[in-house]
Amino acid sequence: MEELLLLDKLRRQYDQTPYPKVAIESVHDRDSLWLHSFTTPYYRRHRRLPPSGAPLRILDAGCGSGYTSLALAQANPGAQLVCLDLSAASLAVACERLAFHGFTDVEFHDLPLEQVGELGEDFDLINCDEVLYLLPDPGVGLAALAGVLAPDGILRANLHSAYARAAVFRAQRVFQMMGLTNGTPGEAEMELVRSTMDALNNSTHLKIDTWVPTIHLHDDLEWYQLNYLLAGDKGYTVPEVFALLAGANLEFISMVLWPTWDVRCLFRDPNRLPPLFAERLADKSPLERLHLYELIHSPHRLIDFWCTHAAQQPAATQPPALEHNLRLHLHPQLRTDSLRGRLEQALGEGKPFELQQHIRFPFGEPLPNAQMAGCLLPLGWADGTGALRAPLA
Ligand SMILES: C[S@@+](CC[C@H](N)C(=O)[O-])C[C@H]1O[C@@H](n2cnc3c(N)ncnc32)[C@H](O)[C@@H]1O
């Protein structure tokens, strides 16, 4: 009963304000699409490119106003996209958005994701972004999504971090106790939160942690609805997320922004950790390393991850060894004429080519000189296959 009430509350909230509130005409920068390309998690899992052939089937579960669905369509040309949400108003915006950008062959379903099995199909890539933490039981949602994940399919999902969002949860509790989340919060509730937070003593922890650093958002209704006034919001730790995955027979592949979860980078010199710490760290599992990270530092609002069906075989951890007949590939997001042009220009001018300026990615060493960058040139642009046969010399 309580679950139905929560579902109804969420439906009303997202019918009133489909999320995100982004103009229909907005497109994603090409250099941020690596995150939504099936190639990225598939390579993280298998250390090889996904097989080509049948079109990719993608589900955007809890698609909201379809801005991420658009990224999925842009990042995976030719894919068959299915969008699902429990808010009809959000689906209408998503439909308008995708049509506006020329993606007309998209299915839309007004359905709670817990019932996704009713679609009777499975998917190679499932995106469930900013949704699971809203469900009364995310384990039920994960199990439903696992049920429609193709055997080699990949699910990207996320949950709120209990540590990073602790102060927001306290604020939500305050405004729940004040009765602001009994109905669908709108302008009046926003005004009550604003005046309360404004009036609080500047030295109160709640104000310092949630209000002062967010001054630029104080007029934005969507921001209040997603933070102070969000119904059903919950936080999780890394071990809790891994337990949820195990309960749905899913296996963690990687954090989406994996380089930003490296516990060694929390030290002044990542290459010179205290010896005992370094020794003990070497024995830790991925779960433990990520948990250590969040215990020491918690900048990530989301525990945002890729996972797949629990495997009988251990996943590949290293790229294949460099040997004859190895095929090197350029990531599809880099295979653009403009990147090629800029690379040729850098080569012509004998300047270093900094790859990370062309792909918005939270890490990446600059390629140190133009000669090394030149190795990229034979990859992908000429014949569209994106492949180069080793040996390189
Ligand atoms: C914060 S929005 C995220 C939208 C989109 N995924 C994004 O990140 O841009 C959450 C969305 O999940 C939808 N939602 C919440 N619970 C759901 C459920 N049980 N089944 C399907 N959709 C749900 C809401 O209607 C809303 O559109």
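# A tour of the predicted model

In the protein chain, 76% of the contacts with a separation of 6 or more are between residues 24 or more positions apart. The model is a predicted one. With the whole chain displayed, the view holds 14 helices and 10 strands. Of the 393 residues in the protein chain, 46% are buried.

**Stop 1: the parallel strands**

Select strand 1, residues 57-61. Four of its five residues are buried, so strand 1 is largely enclosed by the rest of the structure. Add strand 2, which runs parallel to strand 1 and is joined to it by five bridges. Within this pairing, isoleucine 58 stands opposite leucine 81 of strand 2. Now show helix 3, residues 67-75: the chain passes through it on the way from strand 1 to strand 2, in a right-handed β-α-β crossover.

Next, select strand 4, residues 123-128, which pairs with strand 1 in the parallel sense over three bridges. Isoleucine 58 is again the residue to centre on, as it stands opposite leucine 125 in strand 4.

Return to strand 2 (residues 80-85) and add strand 3 (residues 106-110); the two pair in the parallel sense over five bridges. Leucine 81 has valine 106 as its bridge partner in strand 3. The connection from strand 2 to strand 3 goes through helix 4, residues 88-100, and this β-α-β crossover is right-handed.

**Stop 2: valine 140**

Select helix 5, residues 138-147, and pick out valine 140 within it. Is this side chain's residue buried, exposed or partly exposed? Valine 140 has 42% relative accessibility, so it counts as partly exposed. For a distance to display, take valine 140 and leucine 113: they are 27 residues apart in sequence, and their C-alpha atoms are 9.4 Å apart in space.

**Stop 3: helix 6**

Select residues 166-177, the 12 residues of helix 6. From first C-alpha to last, helix 6 reaches 17 Å, close to the 16 Å expected at 1.5 Å a residue. Show the side chains of its buried residues: Ala167, Val168, Phe169, Ala171, Gln172 and Phe175. What covers these buried residues of helix 6? The cover includes strand 5 (149-161), helix 7 (187-199), helix 8 (205-211) and strand 6 (235-236). After helix 6 comes glycine 179, with a positive phi near 80°.

**Stop 4: aromatic rings**

Keep Phe175 in view and add Trp211, Trp223, Tyr224 and Tyr228; ring pairs link these five into a cluster. The count of aromatic pairs in the model comes to 13. One of them joins tyrosine 224 and tyrosine 228, a tilted pair with 6.1 Å centre to centre and 35° between the planes. Tyrosine 224 and tyrosine 228 are both buried.

Move on to tryptophan 261 and tyrosine 293. Their ring centres are 5.4 Å apart and their planes are at 45°, so this pair is tilted. The pair links distant parts of the chain, 32 residues apart. Tryptophan 261 is in the loop between strand 7 (250-255) and helix 11 (275-282), while tyrosine 293 is in helix 12 (residues 286-296). Tryptophan 261 is buried, as is tyrosine 293.

**Stop 5: a charge over a ring**

Finish with arginine 44 and tryptophan 258. Where does arginine 44 lie relative to the ring of tryptophan 258? Arginine 44 is over the face of tryptophan 258, at 3.7 Å from the ring centre.

Methods. Residues are numbered from 1 along each chain as its sequence is written. This is a predicted model: local features need pLDDT of at least 70, side-chain atom pairs count only at pLDDT 80 or more; totals for chains, interfaces and linings use all residues. Side-chain values use heavy atoms; hydrogens and water are left out. Two strands pair if DSSP finds at least two bridges between them. A crossover is right-handed if, with the strands pointing away from the viewer, the path from the first strand over the helix to the second runs clockwise. The expected span of a helix is 1.5 Å times one less than its number of residues. Buried means under 20% relative accessible area, exposed over 50%, partly exposed in between (1.4 Å probe, protein chains only). Contact means heavy atoms within 4.5 Å. Rings of Phe, Tyr and Trp (its six-membered ring) pair if their centres lie within 6.5 Å; planes under 30 degrees apart count as stacked, over 60 as edge-to-face and the rest as tilted. A charge sits over a ring if NZ of Lys or CZ of Arg is within 6 Å of the ring centre and within 35 degrees of the ring normal.
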